Amino acid sequence: MRIWRRVTAIGAVQLKTGLQILPYRDDLQEQVSWLIREVNNLGGEAVAVQCEKVEAVTNQQIEQLFQAQVDPEFTSIQEEARSLIDFMENRVNETSNKELFAALQKLRKRCEAVRERDFFPSGAAGKTLSVLDSISEQLRYPAKKTIPAMQLDPNDFSGRIWVTRARPYIDRLGSAWLIKKFIDLDAQFLFLQTGEMPDLDRDQLPFDMAVGDFTHQGELITFEVLIRDFSLKDPALDRISELVRCIDIQEETLPDDAALLKTIIDGLVATGQDDHQLLKQANLLFDSLYAGFMKTLQG
């Protein structure tokens with residue numbers, strides 16, 4: 001049983017009884033060699049075989065086996081992290097804050113441990129880190145209540161540096177596209193790591209962060225706040241906004257169109273490209289969505 005737990009701990013998946021598979025990597029090869037030696041010393045028999053392919057199983061099916069093993073763990077971490085929000089709303093003193101930060105730190109360590117076994121990322125790890133980062137910011141800065149629309153003029157926001165958290169997901173990607181296409185055509189974007197803050201003295205403009213005005217307000221997600229404050233009245237944008245909101249809050253089973261968009265976004269995230277390249281690809285996606293909705297609405 002001890003050997004079995006250690007095999008599972010390094011990320012192996014069972015293909016069939018007695019046969020475990022792992023991707024070929026130097027660090028894994030070393031661990032497998034130690035396990036084989038231990039099994040043989042205990043009187044058992046174990047061998048490792050390197051192969052290019054497994055008969056009757058495609059590479060995609062093998063990758064899905066690995067994803068099916070780790071993705072539920074990421075989902076569990078997300079659910080536990082979101083459960084902290086209820087405690088956040090009822091916190092009464094500094095001790096409560098420390099307990100919440102400690103709980104969040106434990107979840108982050110669990111996430112990093114699972115990532116070590118996430119050999120074929122599906123995007124679940126990136127989303128989990130995004131959830132943890134978001135809740136961490138909510139702990140540091142209490143959520144703002146919904147405030148009235150600011151009736152802003154895009155001409156006053158030309159050529160700004162827009163700042164948000166690293167590893168952007170649906171709301172930040174959609175909001176960045178919205179900013180670049182409808183608000184600030186010359187916008188530049190900066191992605192901050194955990195613990196970093198925007199430099200307001202250098203006129204950096206935060207969005208989808210705990211600081212600044214362009215963030216979640218009450219029931220509104222950041223994408224919706226931007227549409228409201230810049231008076232972007234556009235039926236095609238409204239359609240995109242519905243999809244972004246569905247994915248961002250995901251309180252129930254997603255509609256088919258939102259589920260498809262989520263799958264595509266998860267695929268972009270899973271490619272492991274840097275945040276600026278990810279944003280570039282997401283912009284093409286949102287441009288296509290917008291053009292498609294415009295065509296549909298115009299008949």
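Contacts between residues distant in sequence are where I shall begin. In this predicted model, residues 24 or more positions apart account for 71% of the protein's contacts with a separation of 6 or more. The protein has 299 residues, and buried residues make up 41% of them. Its accessible surface comes to about 17,300 Å², and carbon and sulfur atoms hold 51% of that area. As for secondary structure, there are 10 helices and five strands.

I now turn to one sheet. Three strands form an open sheet in the order β4-β3-β5, and their pairing is parallel. At the edges stand β4 and β5, each of which pairs on one side only. On average, neighbouring strands of this sheet are turned by 35° against each other, with direction ignored. As general background, strands of a sheet pair through backbone hydrogen bonds, in either a parallel or an antiparallel manner.

Let us consider strand β3, which covers residues 161–165. Is this strand largely enclosed or left open, and why? Buried here means under 20% relative accessible area. Four of the five residues of β3 are buried, and therefore the strand is largely enclosed by the rest of the structure.

How many bridges does β3 form with strand β4? The two strands pair in the parallel sense over five bridges, with β4 spanning residues 188–192. Within this pairing, Thr-164 has Phe-191 of β4 as its bridge partner, while Val-163 stands opposite Leu-190 in β4. In general, the side chains of a regular strand alternate between the two faces of the sheet.

The other partner of β3 is strand β5, at residues 204–206. Three bridges join β3 to β5, and these strands also run parallel. One example is Trp-162, whose bridge partner in β5 is Leu-205.

Finally, I come to the connection between two of these strands. Which helix does the chain pass through on its way from β3 to β4? The chain crosses through helix α6, residues 170–183, and the resulting β-α-β crossover is right-handed. Helix α6 lies across both β3 and β4, and runs at about 170° to β3.

To summarise, the sheet places β3 between β4 and β5, with five bridges to β4 and three to β5, and the chain reaches β4 from β3 by way of α6. Thank you for your attention.

Conventions. Residues numbered from 1 in each chain as written. Predicted model: local features only at pLDDT ≥ 70, side-chain atom pairs only at ≥ 80, totals over all residues. Heavy atoms only, no water. Buried < 20%, exposed > 50% of the residue type's maximum accessible area, 1.4 Å probe, protein only. Contact = heavy atoms within 4.5 Å. Areas by Shrake-Rupley, 256 points an atom, 1.4 Å probe, with all protein chains shown as cover. Pairing = 2+ DSSP bridges. Right-handed = clockwise from strand over helix to strand, strands pointing away. Axes fitted to C-alpha atoms, helices over the stretch in contact; angles between N-to-C directions.
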